[in-house]
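Work through the following exercises with the sequence and the model in view. Each task is followed by a solution in steps.

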Amino acid sequence: MATTRFLTGITPSGTPHLGNYVGAIRPAVQSSQRADVQSFYFLADYHGLIKGADPQRLQRSTLEIAASWLAAGLDPEKVMLYRQSDVPEIPELCWLLTCVTGKGLLNRAHAYKASVDKNVAAGNDVDADVTAGLFMYPVLMAADILMFKANKVPVGRDQVQHLEMARDIASSFNHLYGELLVLPEVVIDDNVATLPGLDGRKMSKSYNNTIPLFTPREQLRKLINGFTTDSRAPGEPKETEGSALFQLFQAFASAEETAALAAQYAQGIAWGDAKQRVFERLDQEIAPMRARYESLMADPAQIEKILRVGGERARALATPFTQQLREAVGLRSLAQIQAPKADKAQKSALPQFKQYREADGKFYFKLVSASGQLLLQSTAFDAPKEAGQSIARLQQQGTAALAELAARLAPVDGVGQDEVAKALDQLLAAANA
Ligand code: TRP
């Protein structure tokens, strides 16, 4: 069966929350179980460095995110799961791509532009606090994707421009060095729910309204109890429309369960009871994963081992491909150096055939050496086509054509056969180079 390659990077920054689970982890784990799909997931820890210097946090977050994805059911035997920094071929490809990427392309990247705009608005130097890492972010991301010839890249809407850039960069590379890179397609799943956070706005780290995915059970209950609701009393009918609590439930429940809760809303379920119902439903899905998460977190060396193995499998693909790319761009072994191809300067240093018409109305050709010495002179042809055909035979067959054409060649004083042969050989060699 033809398989499509899906690839997604997860930047290790912070602890995964329910919104990450519903929006990214759960759909990715589901799609990784499809037989017609080959999935690549990696921890984009080099990208994590761009967000600021905090070594401990980067390490901690890498651990938590790896444990979360494994606990959520990602099977490292079935998918490629690795850490970006375990594949040194990725930054190497990043450099090859950097050299074919227009600076202007990167100037237009949203994240970089936003930083510049912020500086301008604040009256600062345009590049204040802007690292070259931020500027280069899209090239590193392109390297992540292109290294593994991914066909599809599932990302959030905010990443669409990065995918367009990856395609642009790949096209530039292919144009210069041959069709080696696969152009990836972006996949945006508009069906995946964005979860509301504690305050009703989208659940997001930047709003500080998140619920950590694997927060302990009692903590989960407490946080759900903290959801903002309105002041309707028990018994008063409640609307599901615009109820953050209801949306949260819906993201975890079946259609029937959702309909049942909607009916309870209409009947005036007390907010406290609704919260309890939501908590129970969420915990039902999360509890088994939480148990796995806790045991994984208790044994970080095991996660390290899983990632190492994944890294080796990823490198088994990356190493030969990188060799092919190095070869293509000219980072080559010197042991088998090729003779330089005849370039323009050398071409003009070759002997030349010249075809012309004389005052007698007949057509002629001659062969002159690079320095202008006459080597061959034809007799008269009635038609230019005949002269041209004789030239073509000499060009294609070299000295072998000389005997057949003997009758059409006039003697040239002071030119040896070996000189003519050498000139014809030179032309043949240049044509076949
Ligand atoms: N930029 C992505 C994000 O912030 C993370 C990422 C890095 C990524 N490299 C990638 C996603 C390659 C997809 C493919 O979400």
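**Exercise 1. Burial and fold content**

What percentage of the 433 residues of the protein chain count as buried?

Solution. The model is a predicted one. A residue counts as buried when 20 or more other C-beta atoms lie within 10 Å of its own. By that cut-off, 29% of the 433 residues are buried. The secondary structure of the chain comprises 16 helices and nine strands. Among contacts with a separation of 6 or more, 72% join residues 24 or more positions apart.

**Exercise 2. Overall dimensions and domains**

Compare the radius of gyration of the protein chain with that of a compact globule of 433 residues, then locate the domains.

Solution. Begin with the reference value: a compact globule of 433 residues would have a radius of gyration near 22 Å. The protein chain has 35 Å instead. Next, take the box along the principal axes, which for the C-alpha atoms is roughly 115 × 55 × 45 Å. Then divide the chain: domain 1 consists of 4-191 + 299-329, domain 2 covers 214-291, and domain 3 covers 344-432. Finally, the C-alpha centres of domain 2 and domain 3 are 92 Å apart.

**Exercise 3. The ligand shell**

Describe the residues that surround the ligand, by position and by class.

Solution. Start with the count: the ligand is surrounded by 13 residues. The closest are Gly9, Thr11, Ala44, Met141 and Asp144. Now assign elements: strand 1 (4-10) and helix 7 (132-147) each contribute at least two shell residues. Last, sort by class: the shell holds six nonpolar, six polar and one charged residues.

Conventions. Residues are numbered from 1 along each chain as its sequence is written. This is a predicted model: local features need pLDDT of at least 70, side-chain atom pairs count only at pLDDT 80 or more; totals for chains, interfaces and linings use all residues. Helices (H or I, at least four residues) and strands (E, at least two) are DSSP runs, numbered from the N terminus. The radius of gyration is taken over C-alpha atoms; the globule rule is 2.2 Å times the number of residues to the power 0.38. A residue is buried if 20 or more other C-beta atoms lie within 10 Å of its own, exposed if 12 or fewer, and partly exposed in between; C-beta atoms are placed from the backbone. Two residues are in contact if their C-beta atoms, placed from the backbone, lie within 7 Å. A residue is near a molecule or strand if its C-beta atom, placed from the backbone, lies within 6 Å of it. Ala, Val, Leu, Ile, Met, Phe, Trp, Tyr, Cys and Pro count as nonpolar, Asp, Glu, Lys and Arg as charged, and the others, Gly among them, as polar. Domain bounds come from an automatic or database domain assignment.
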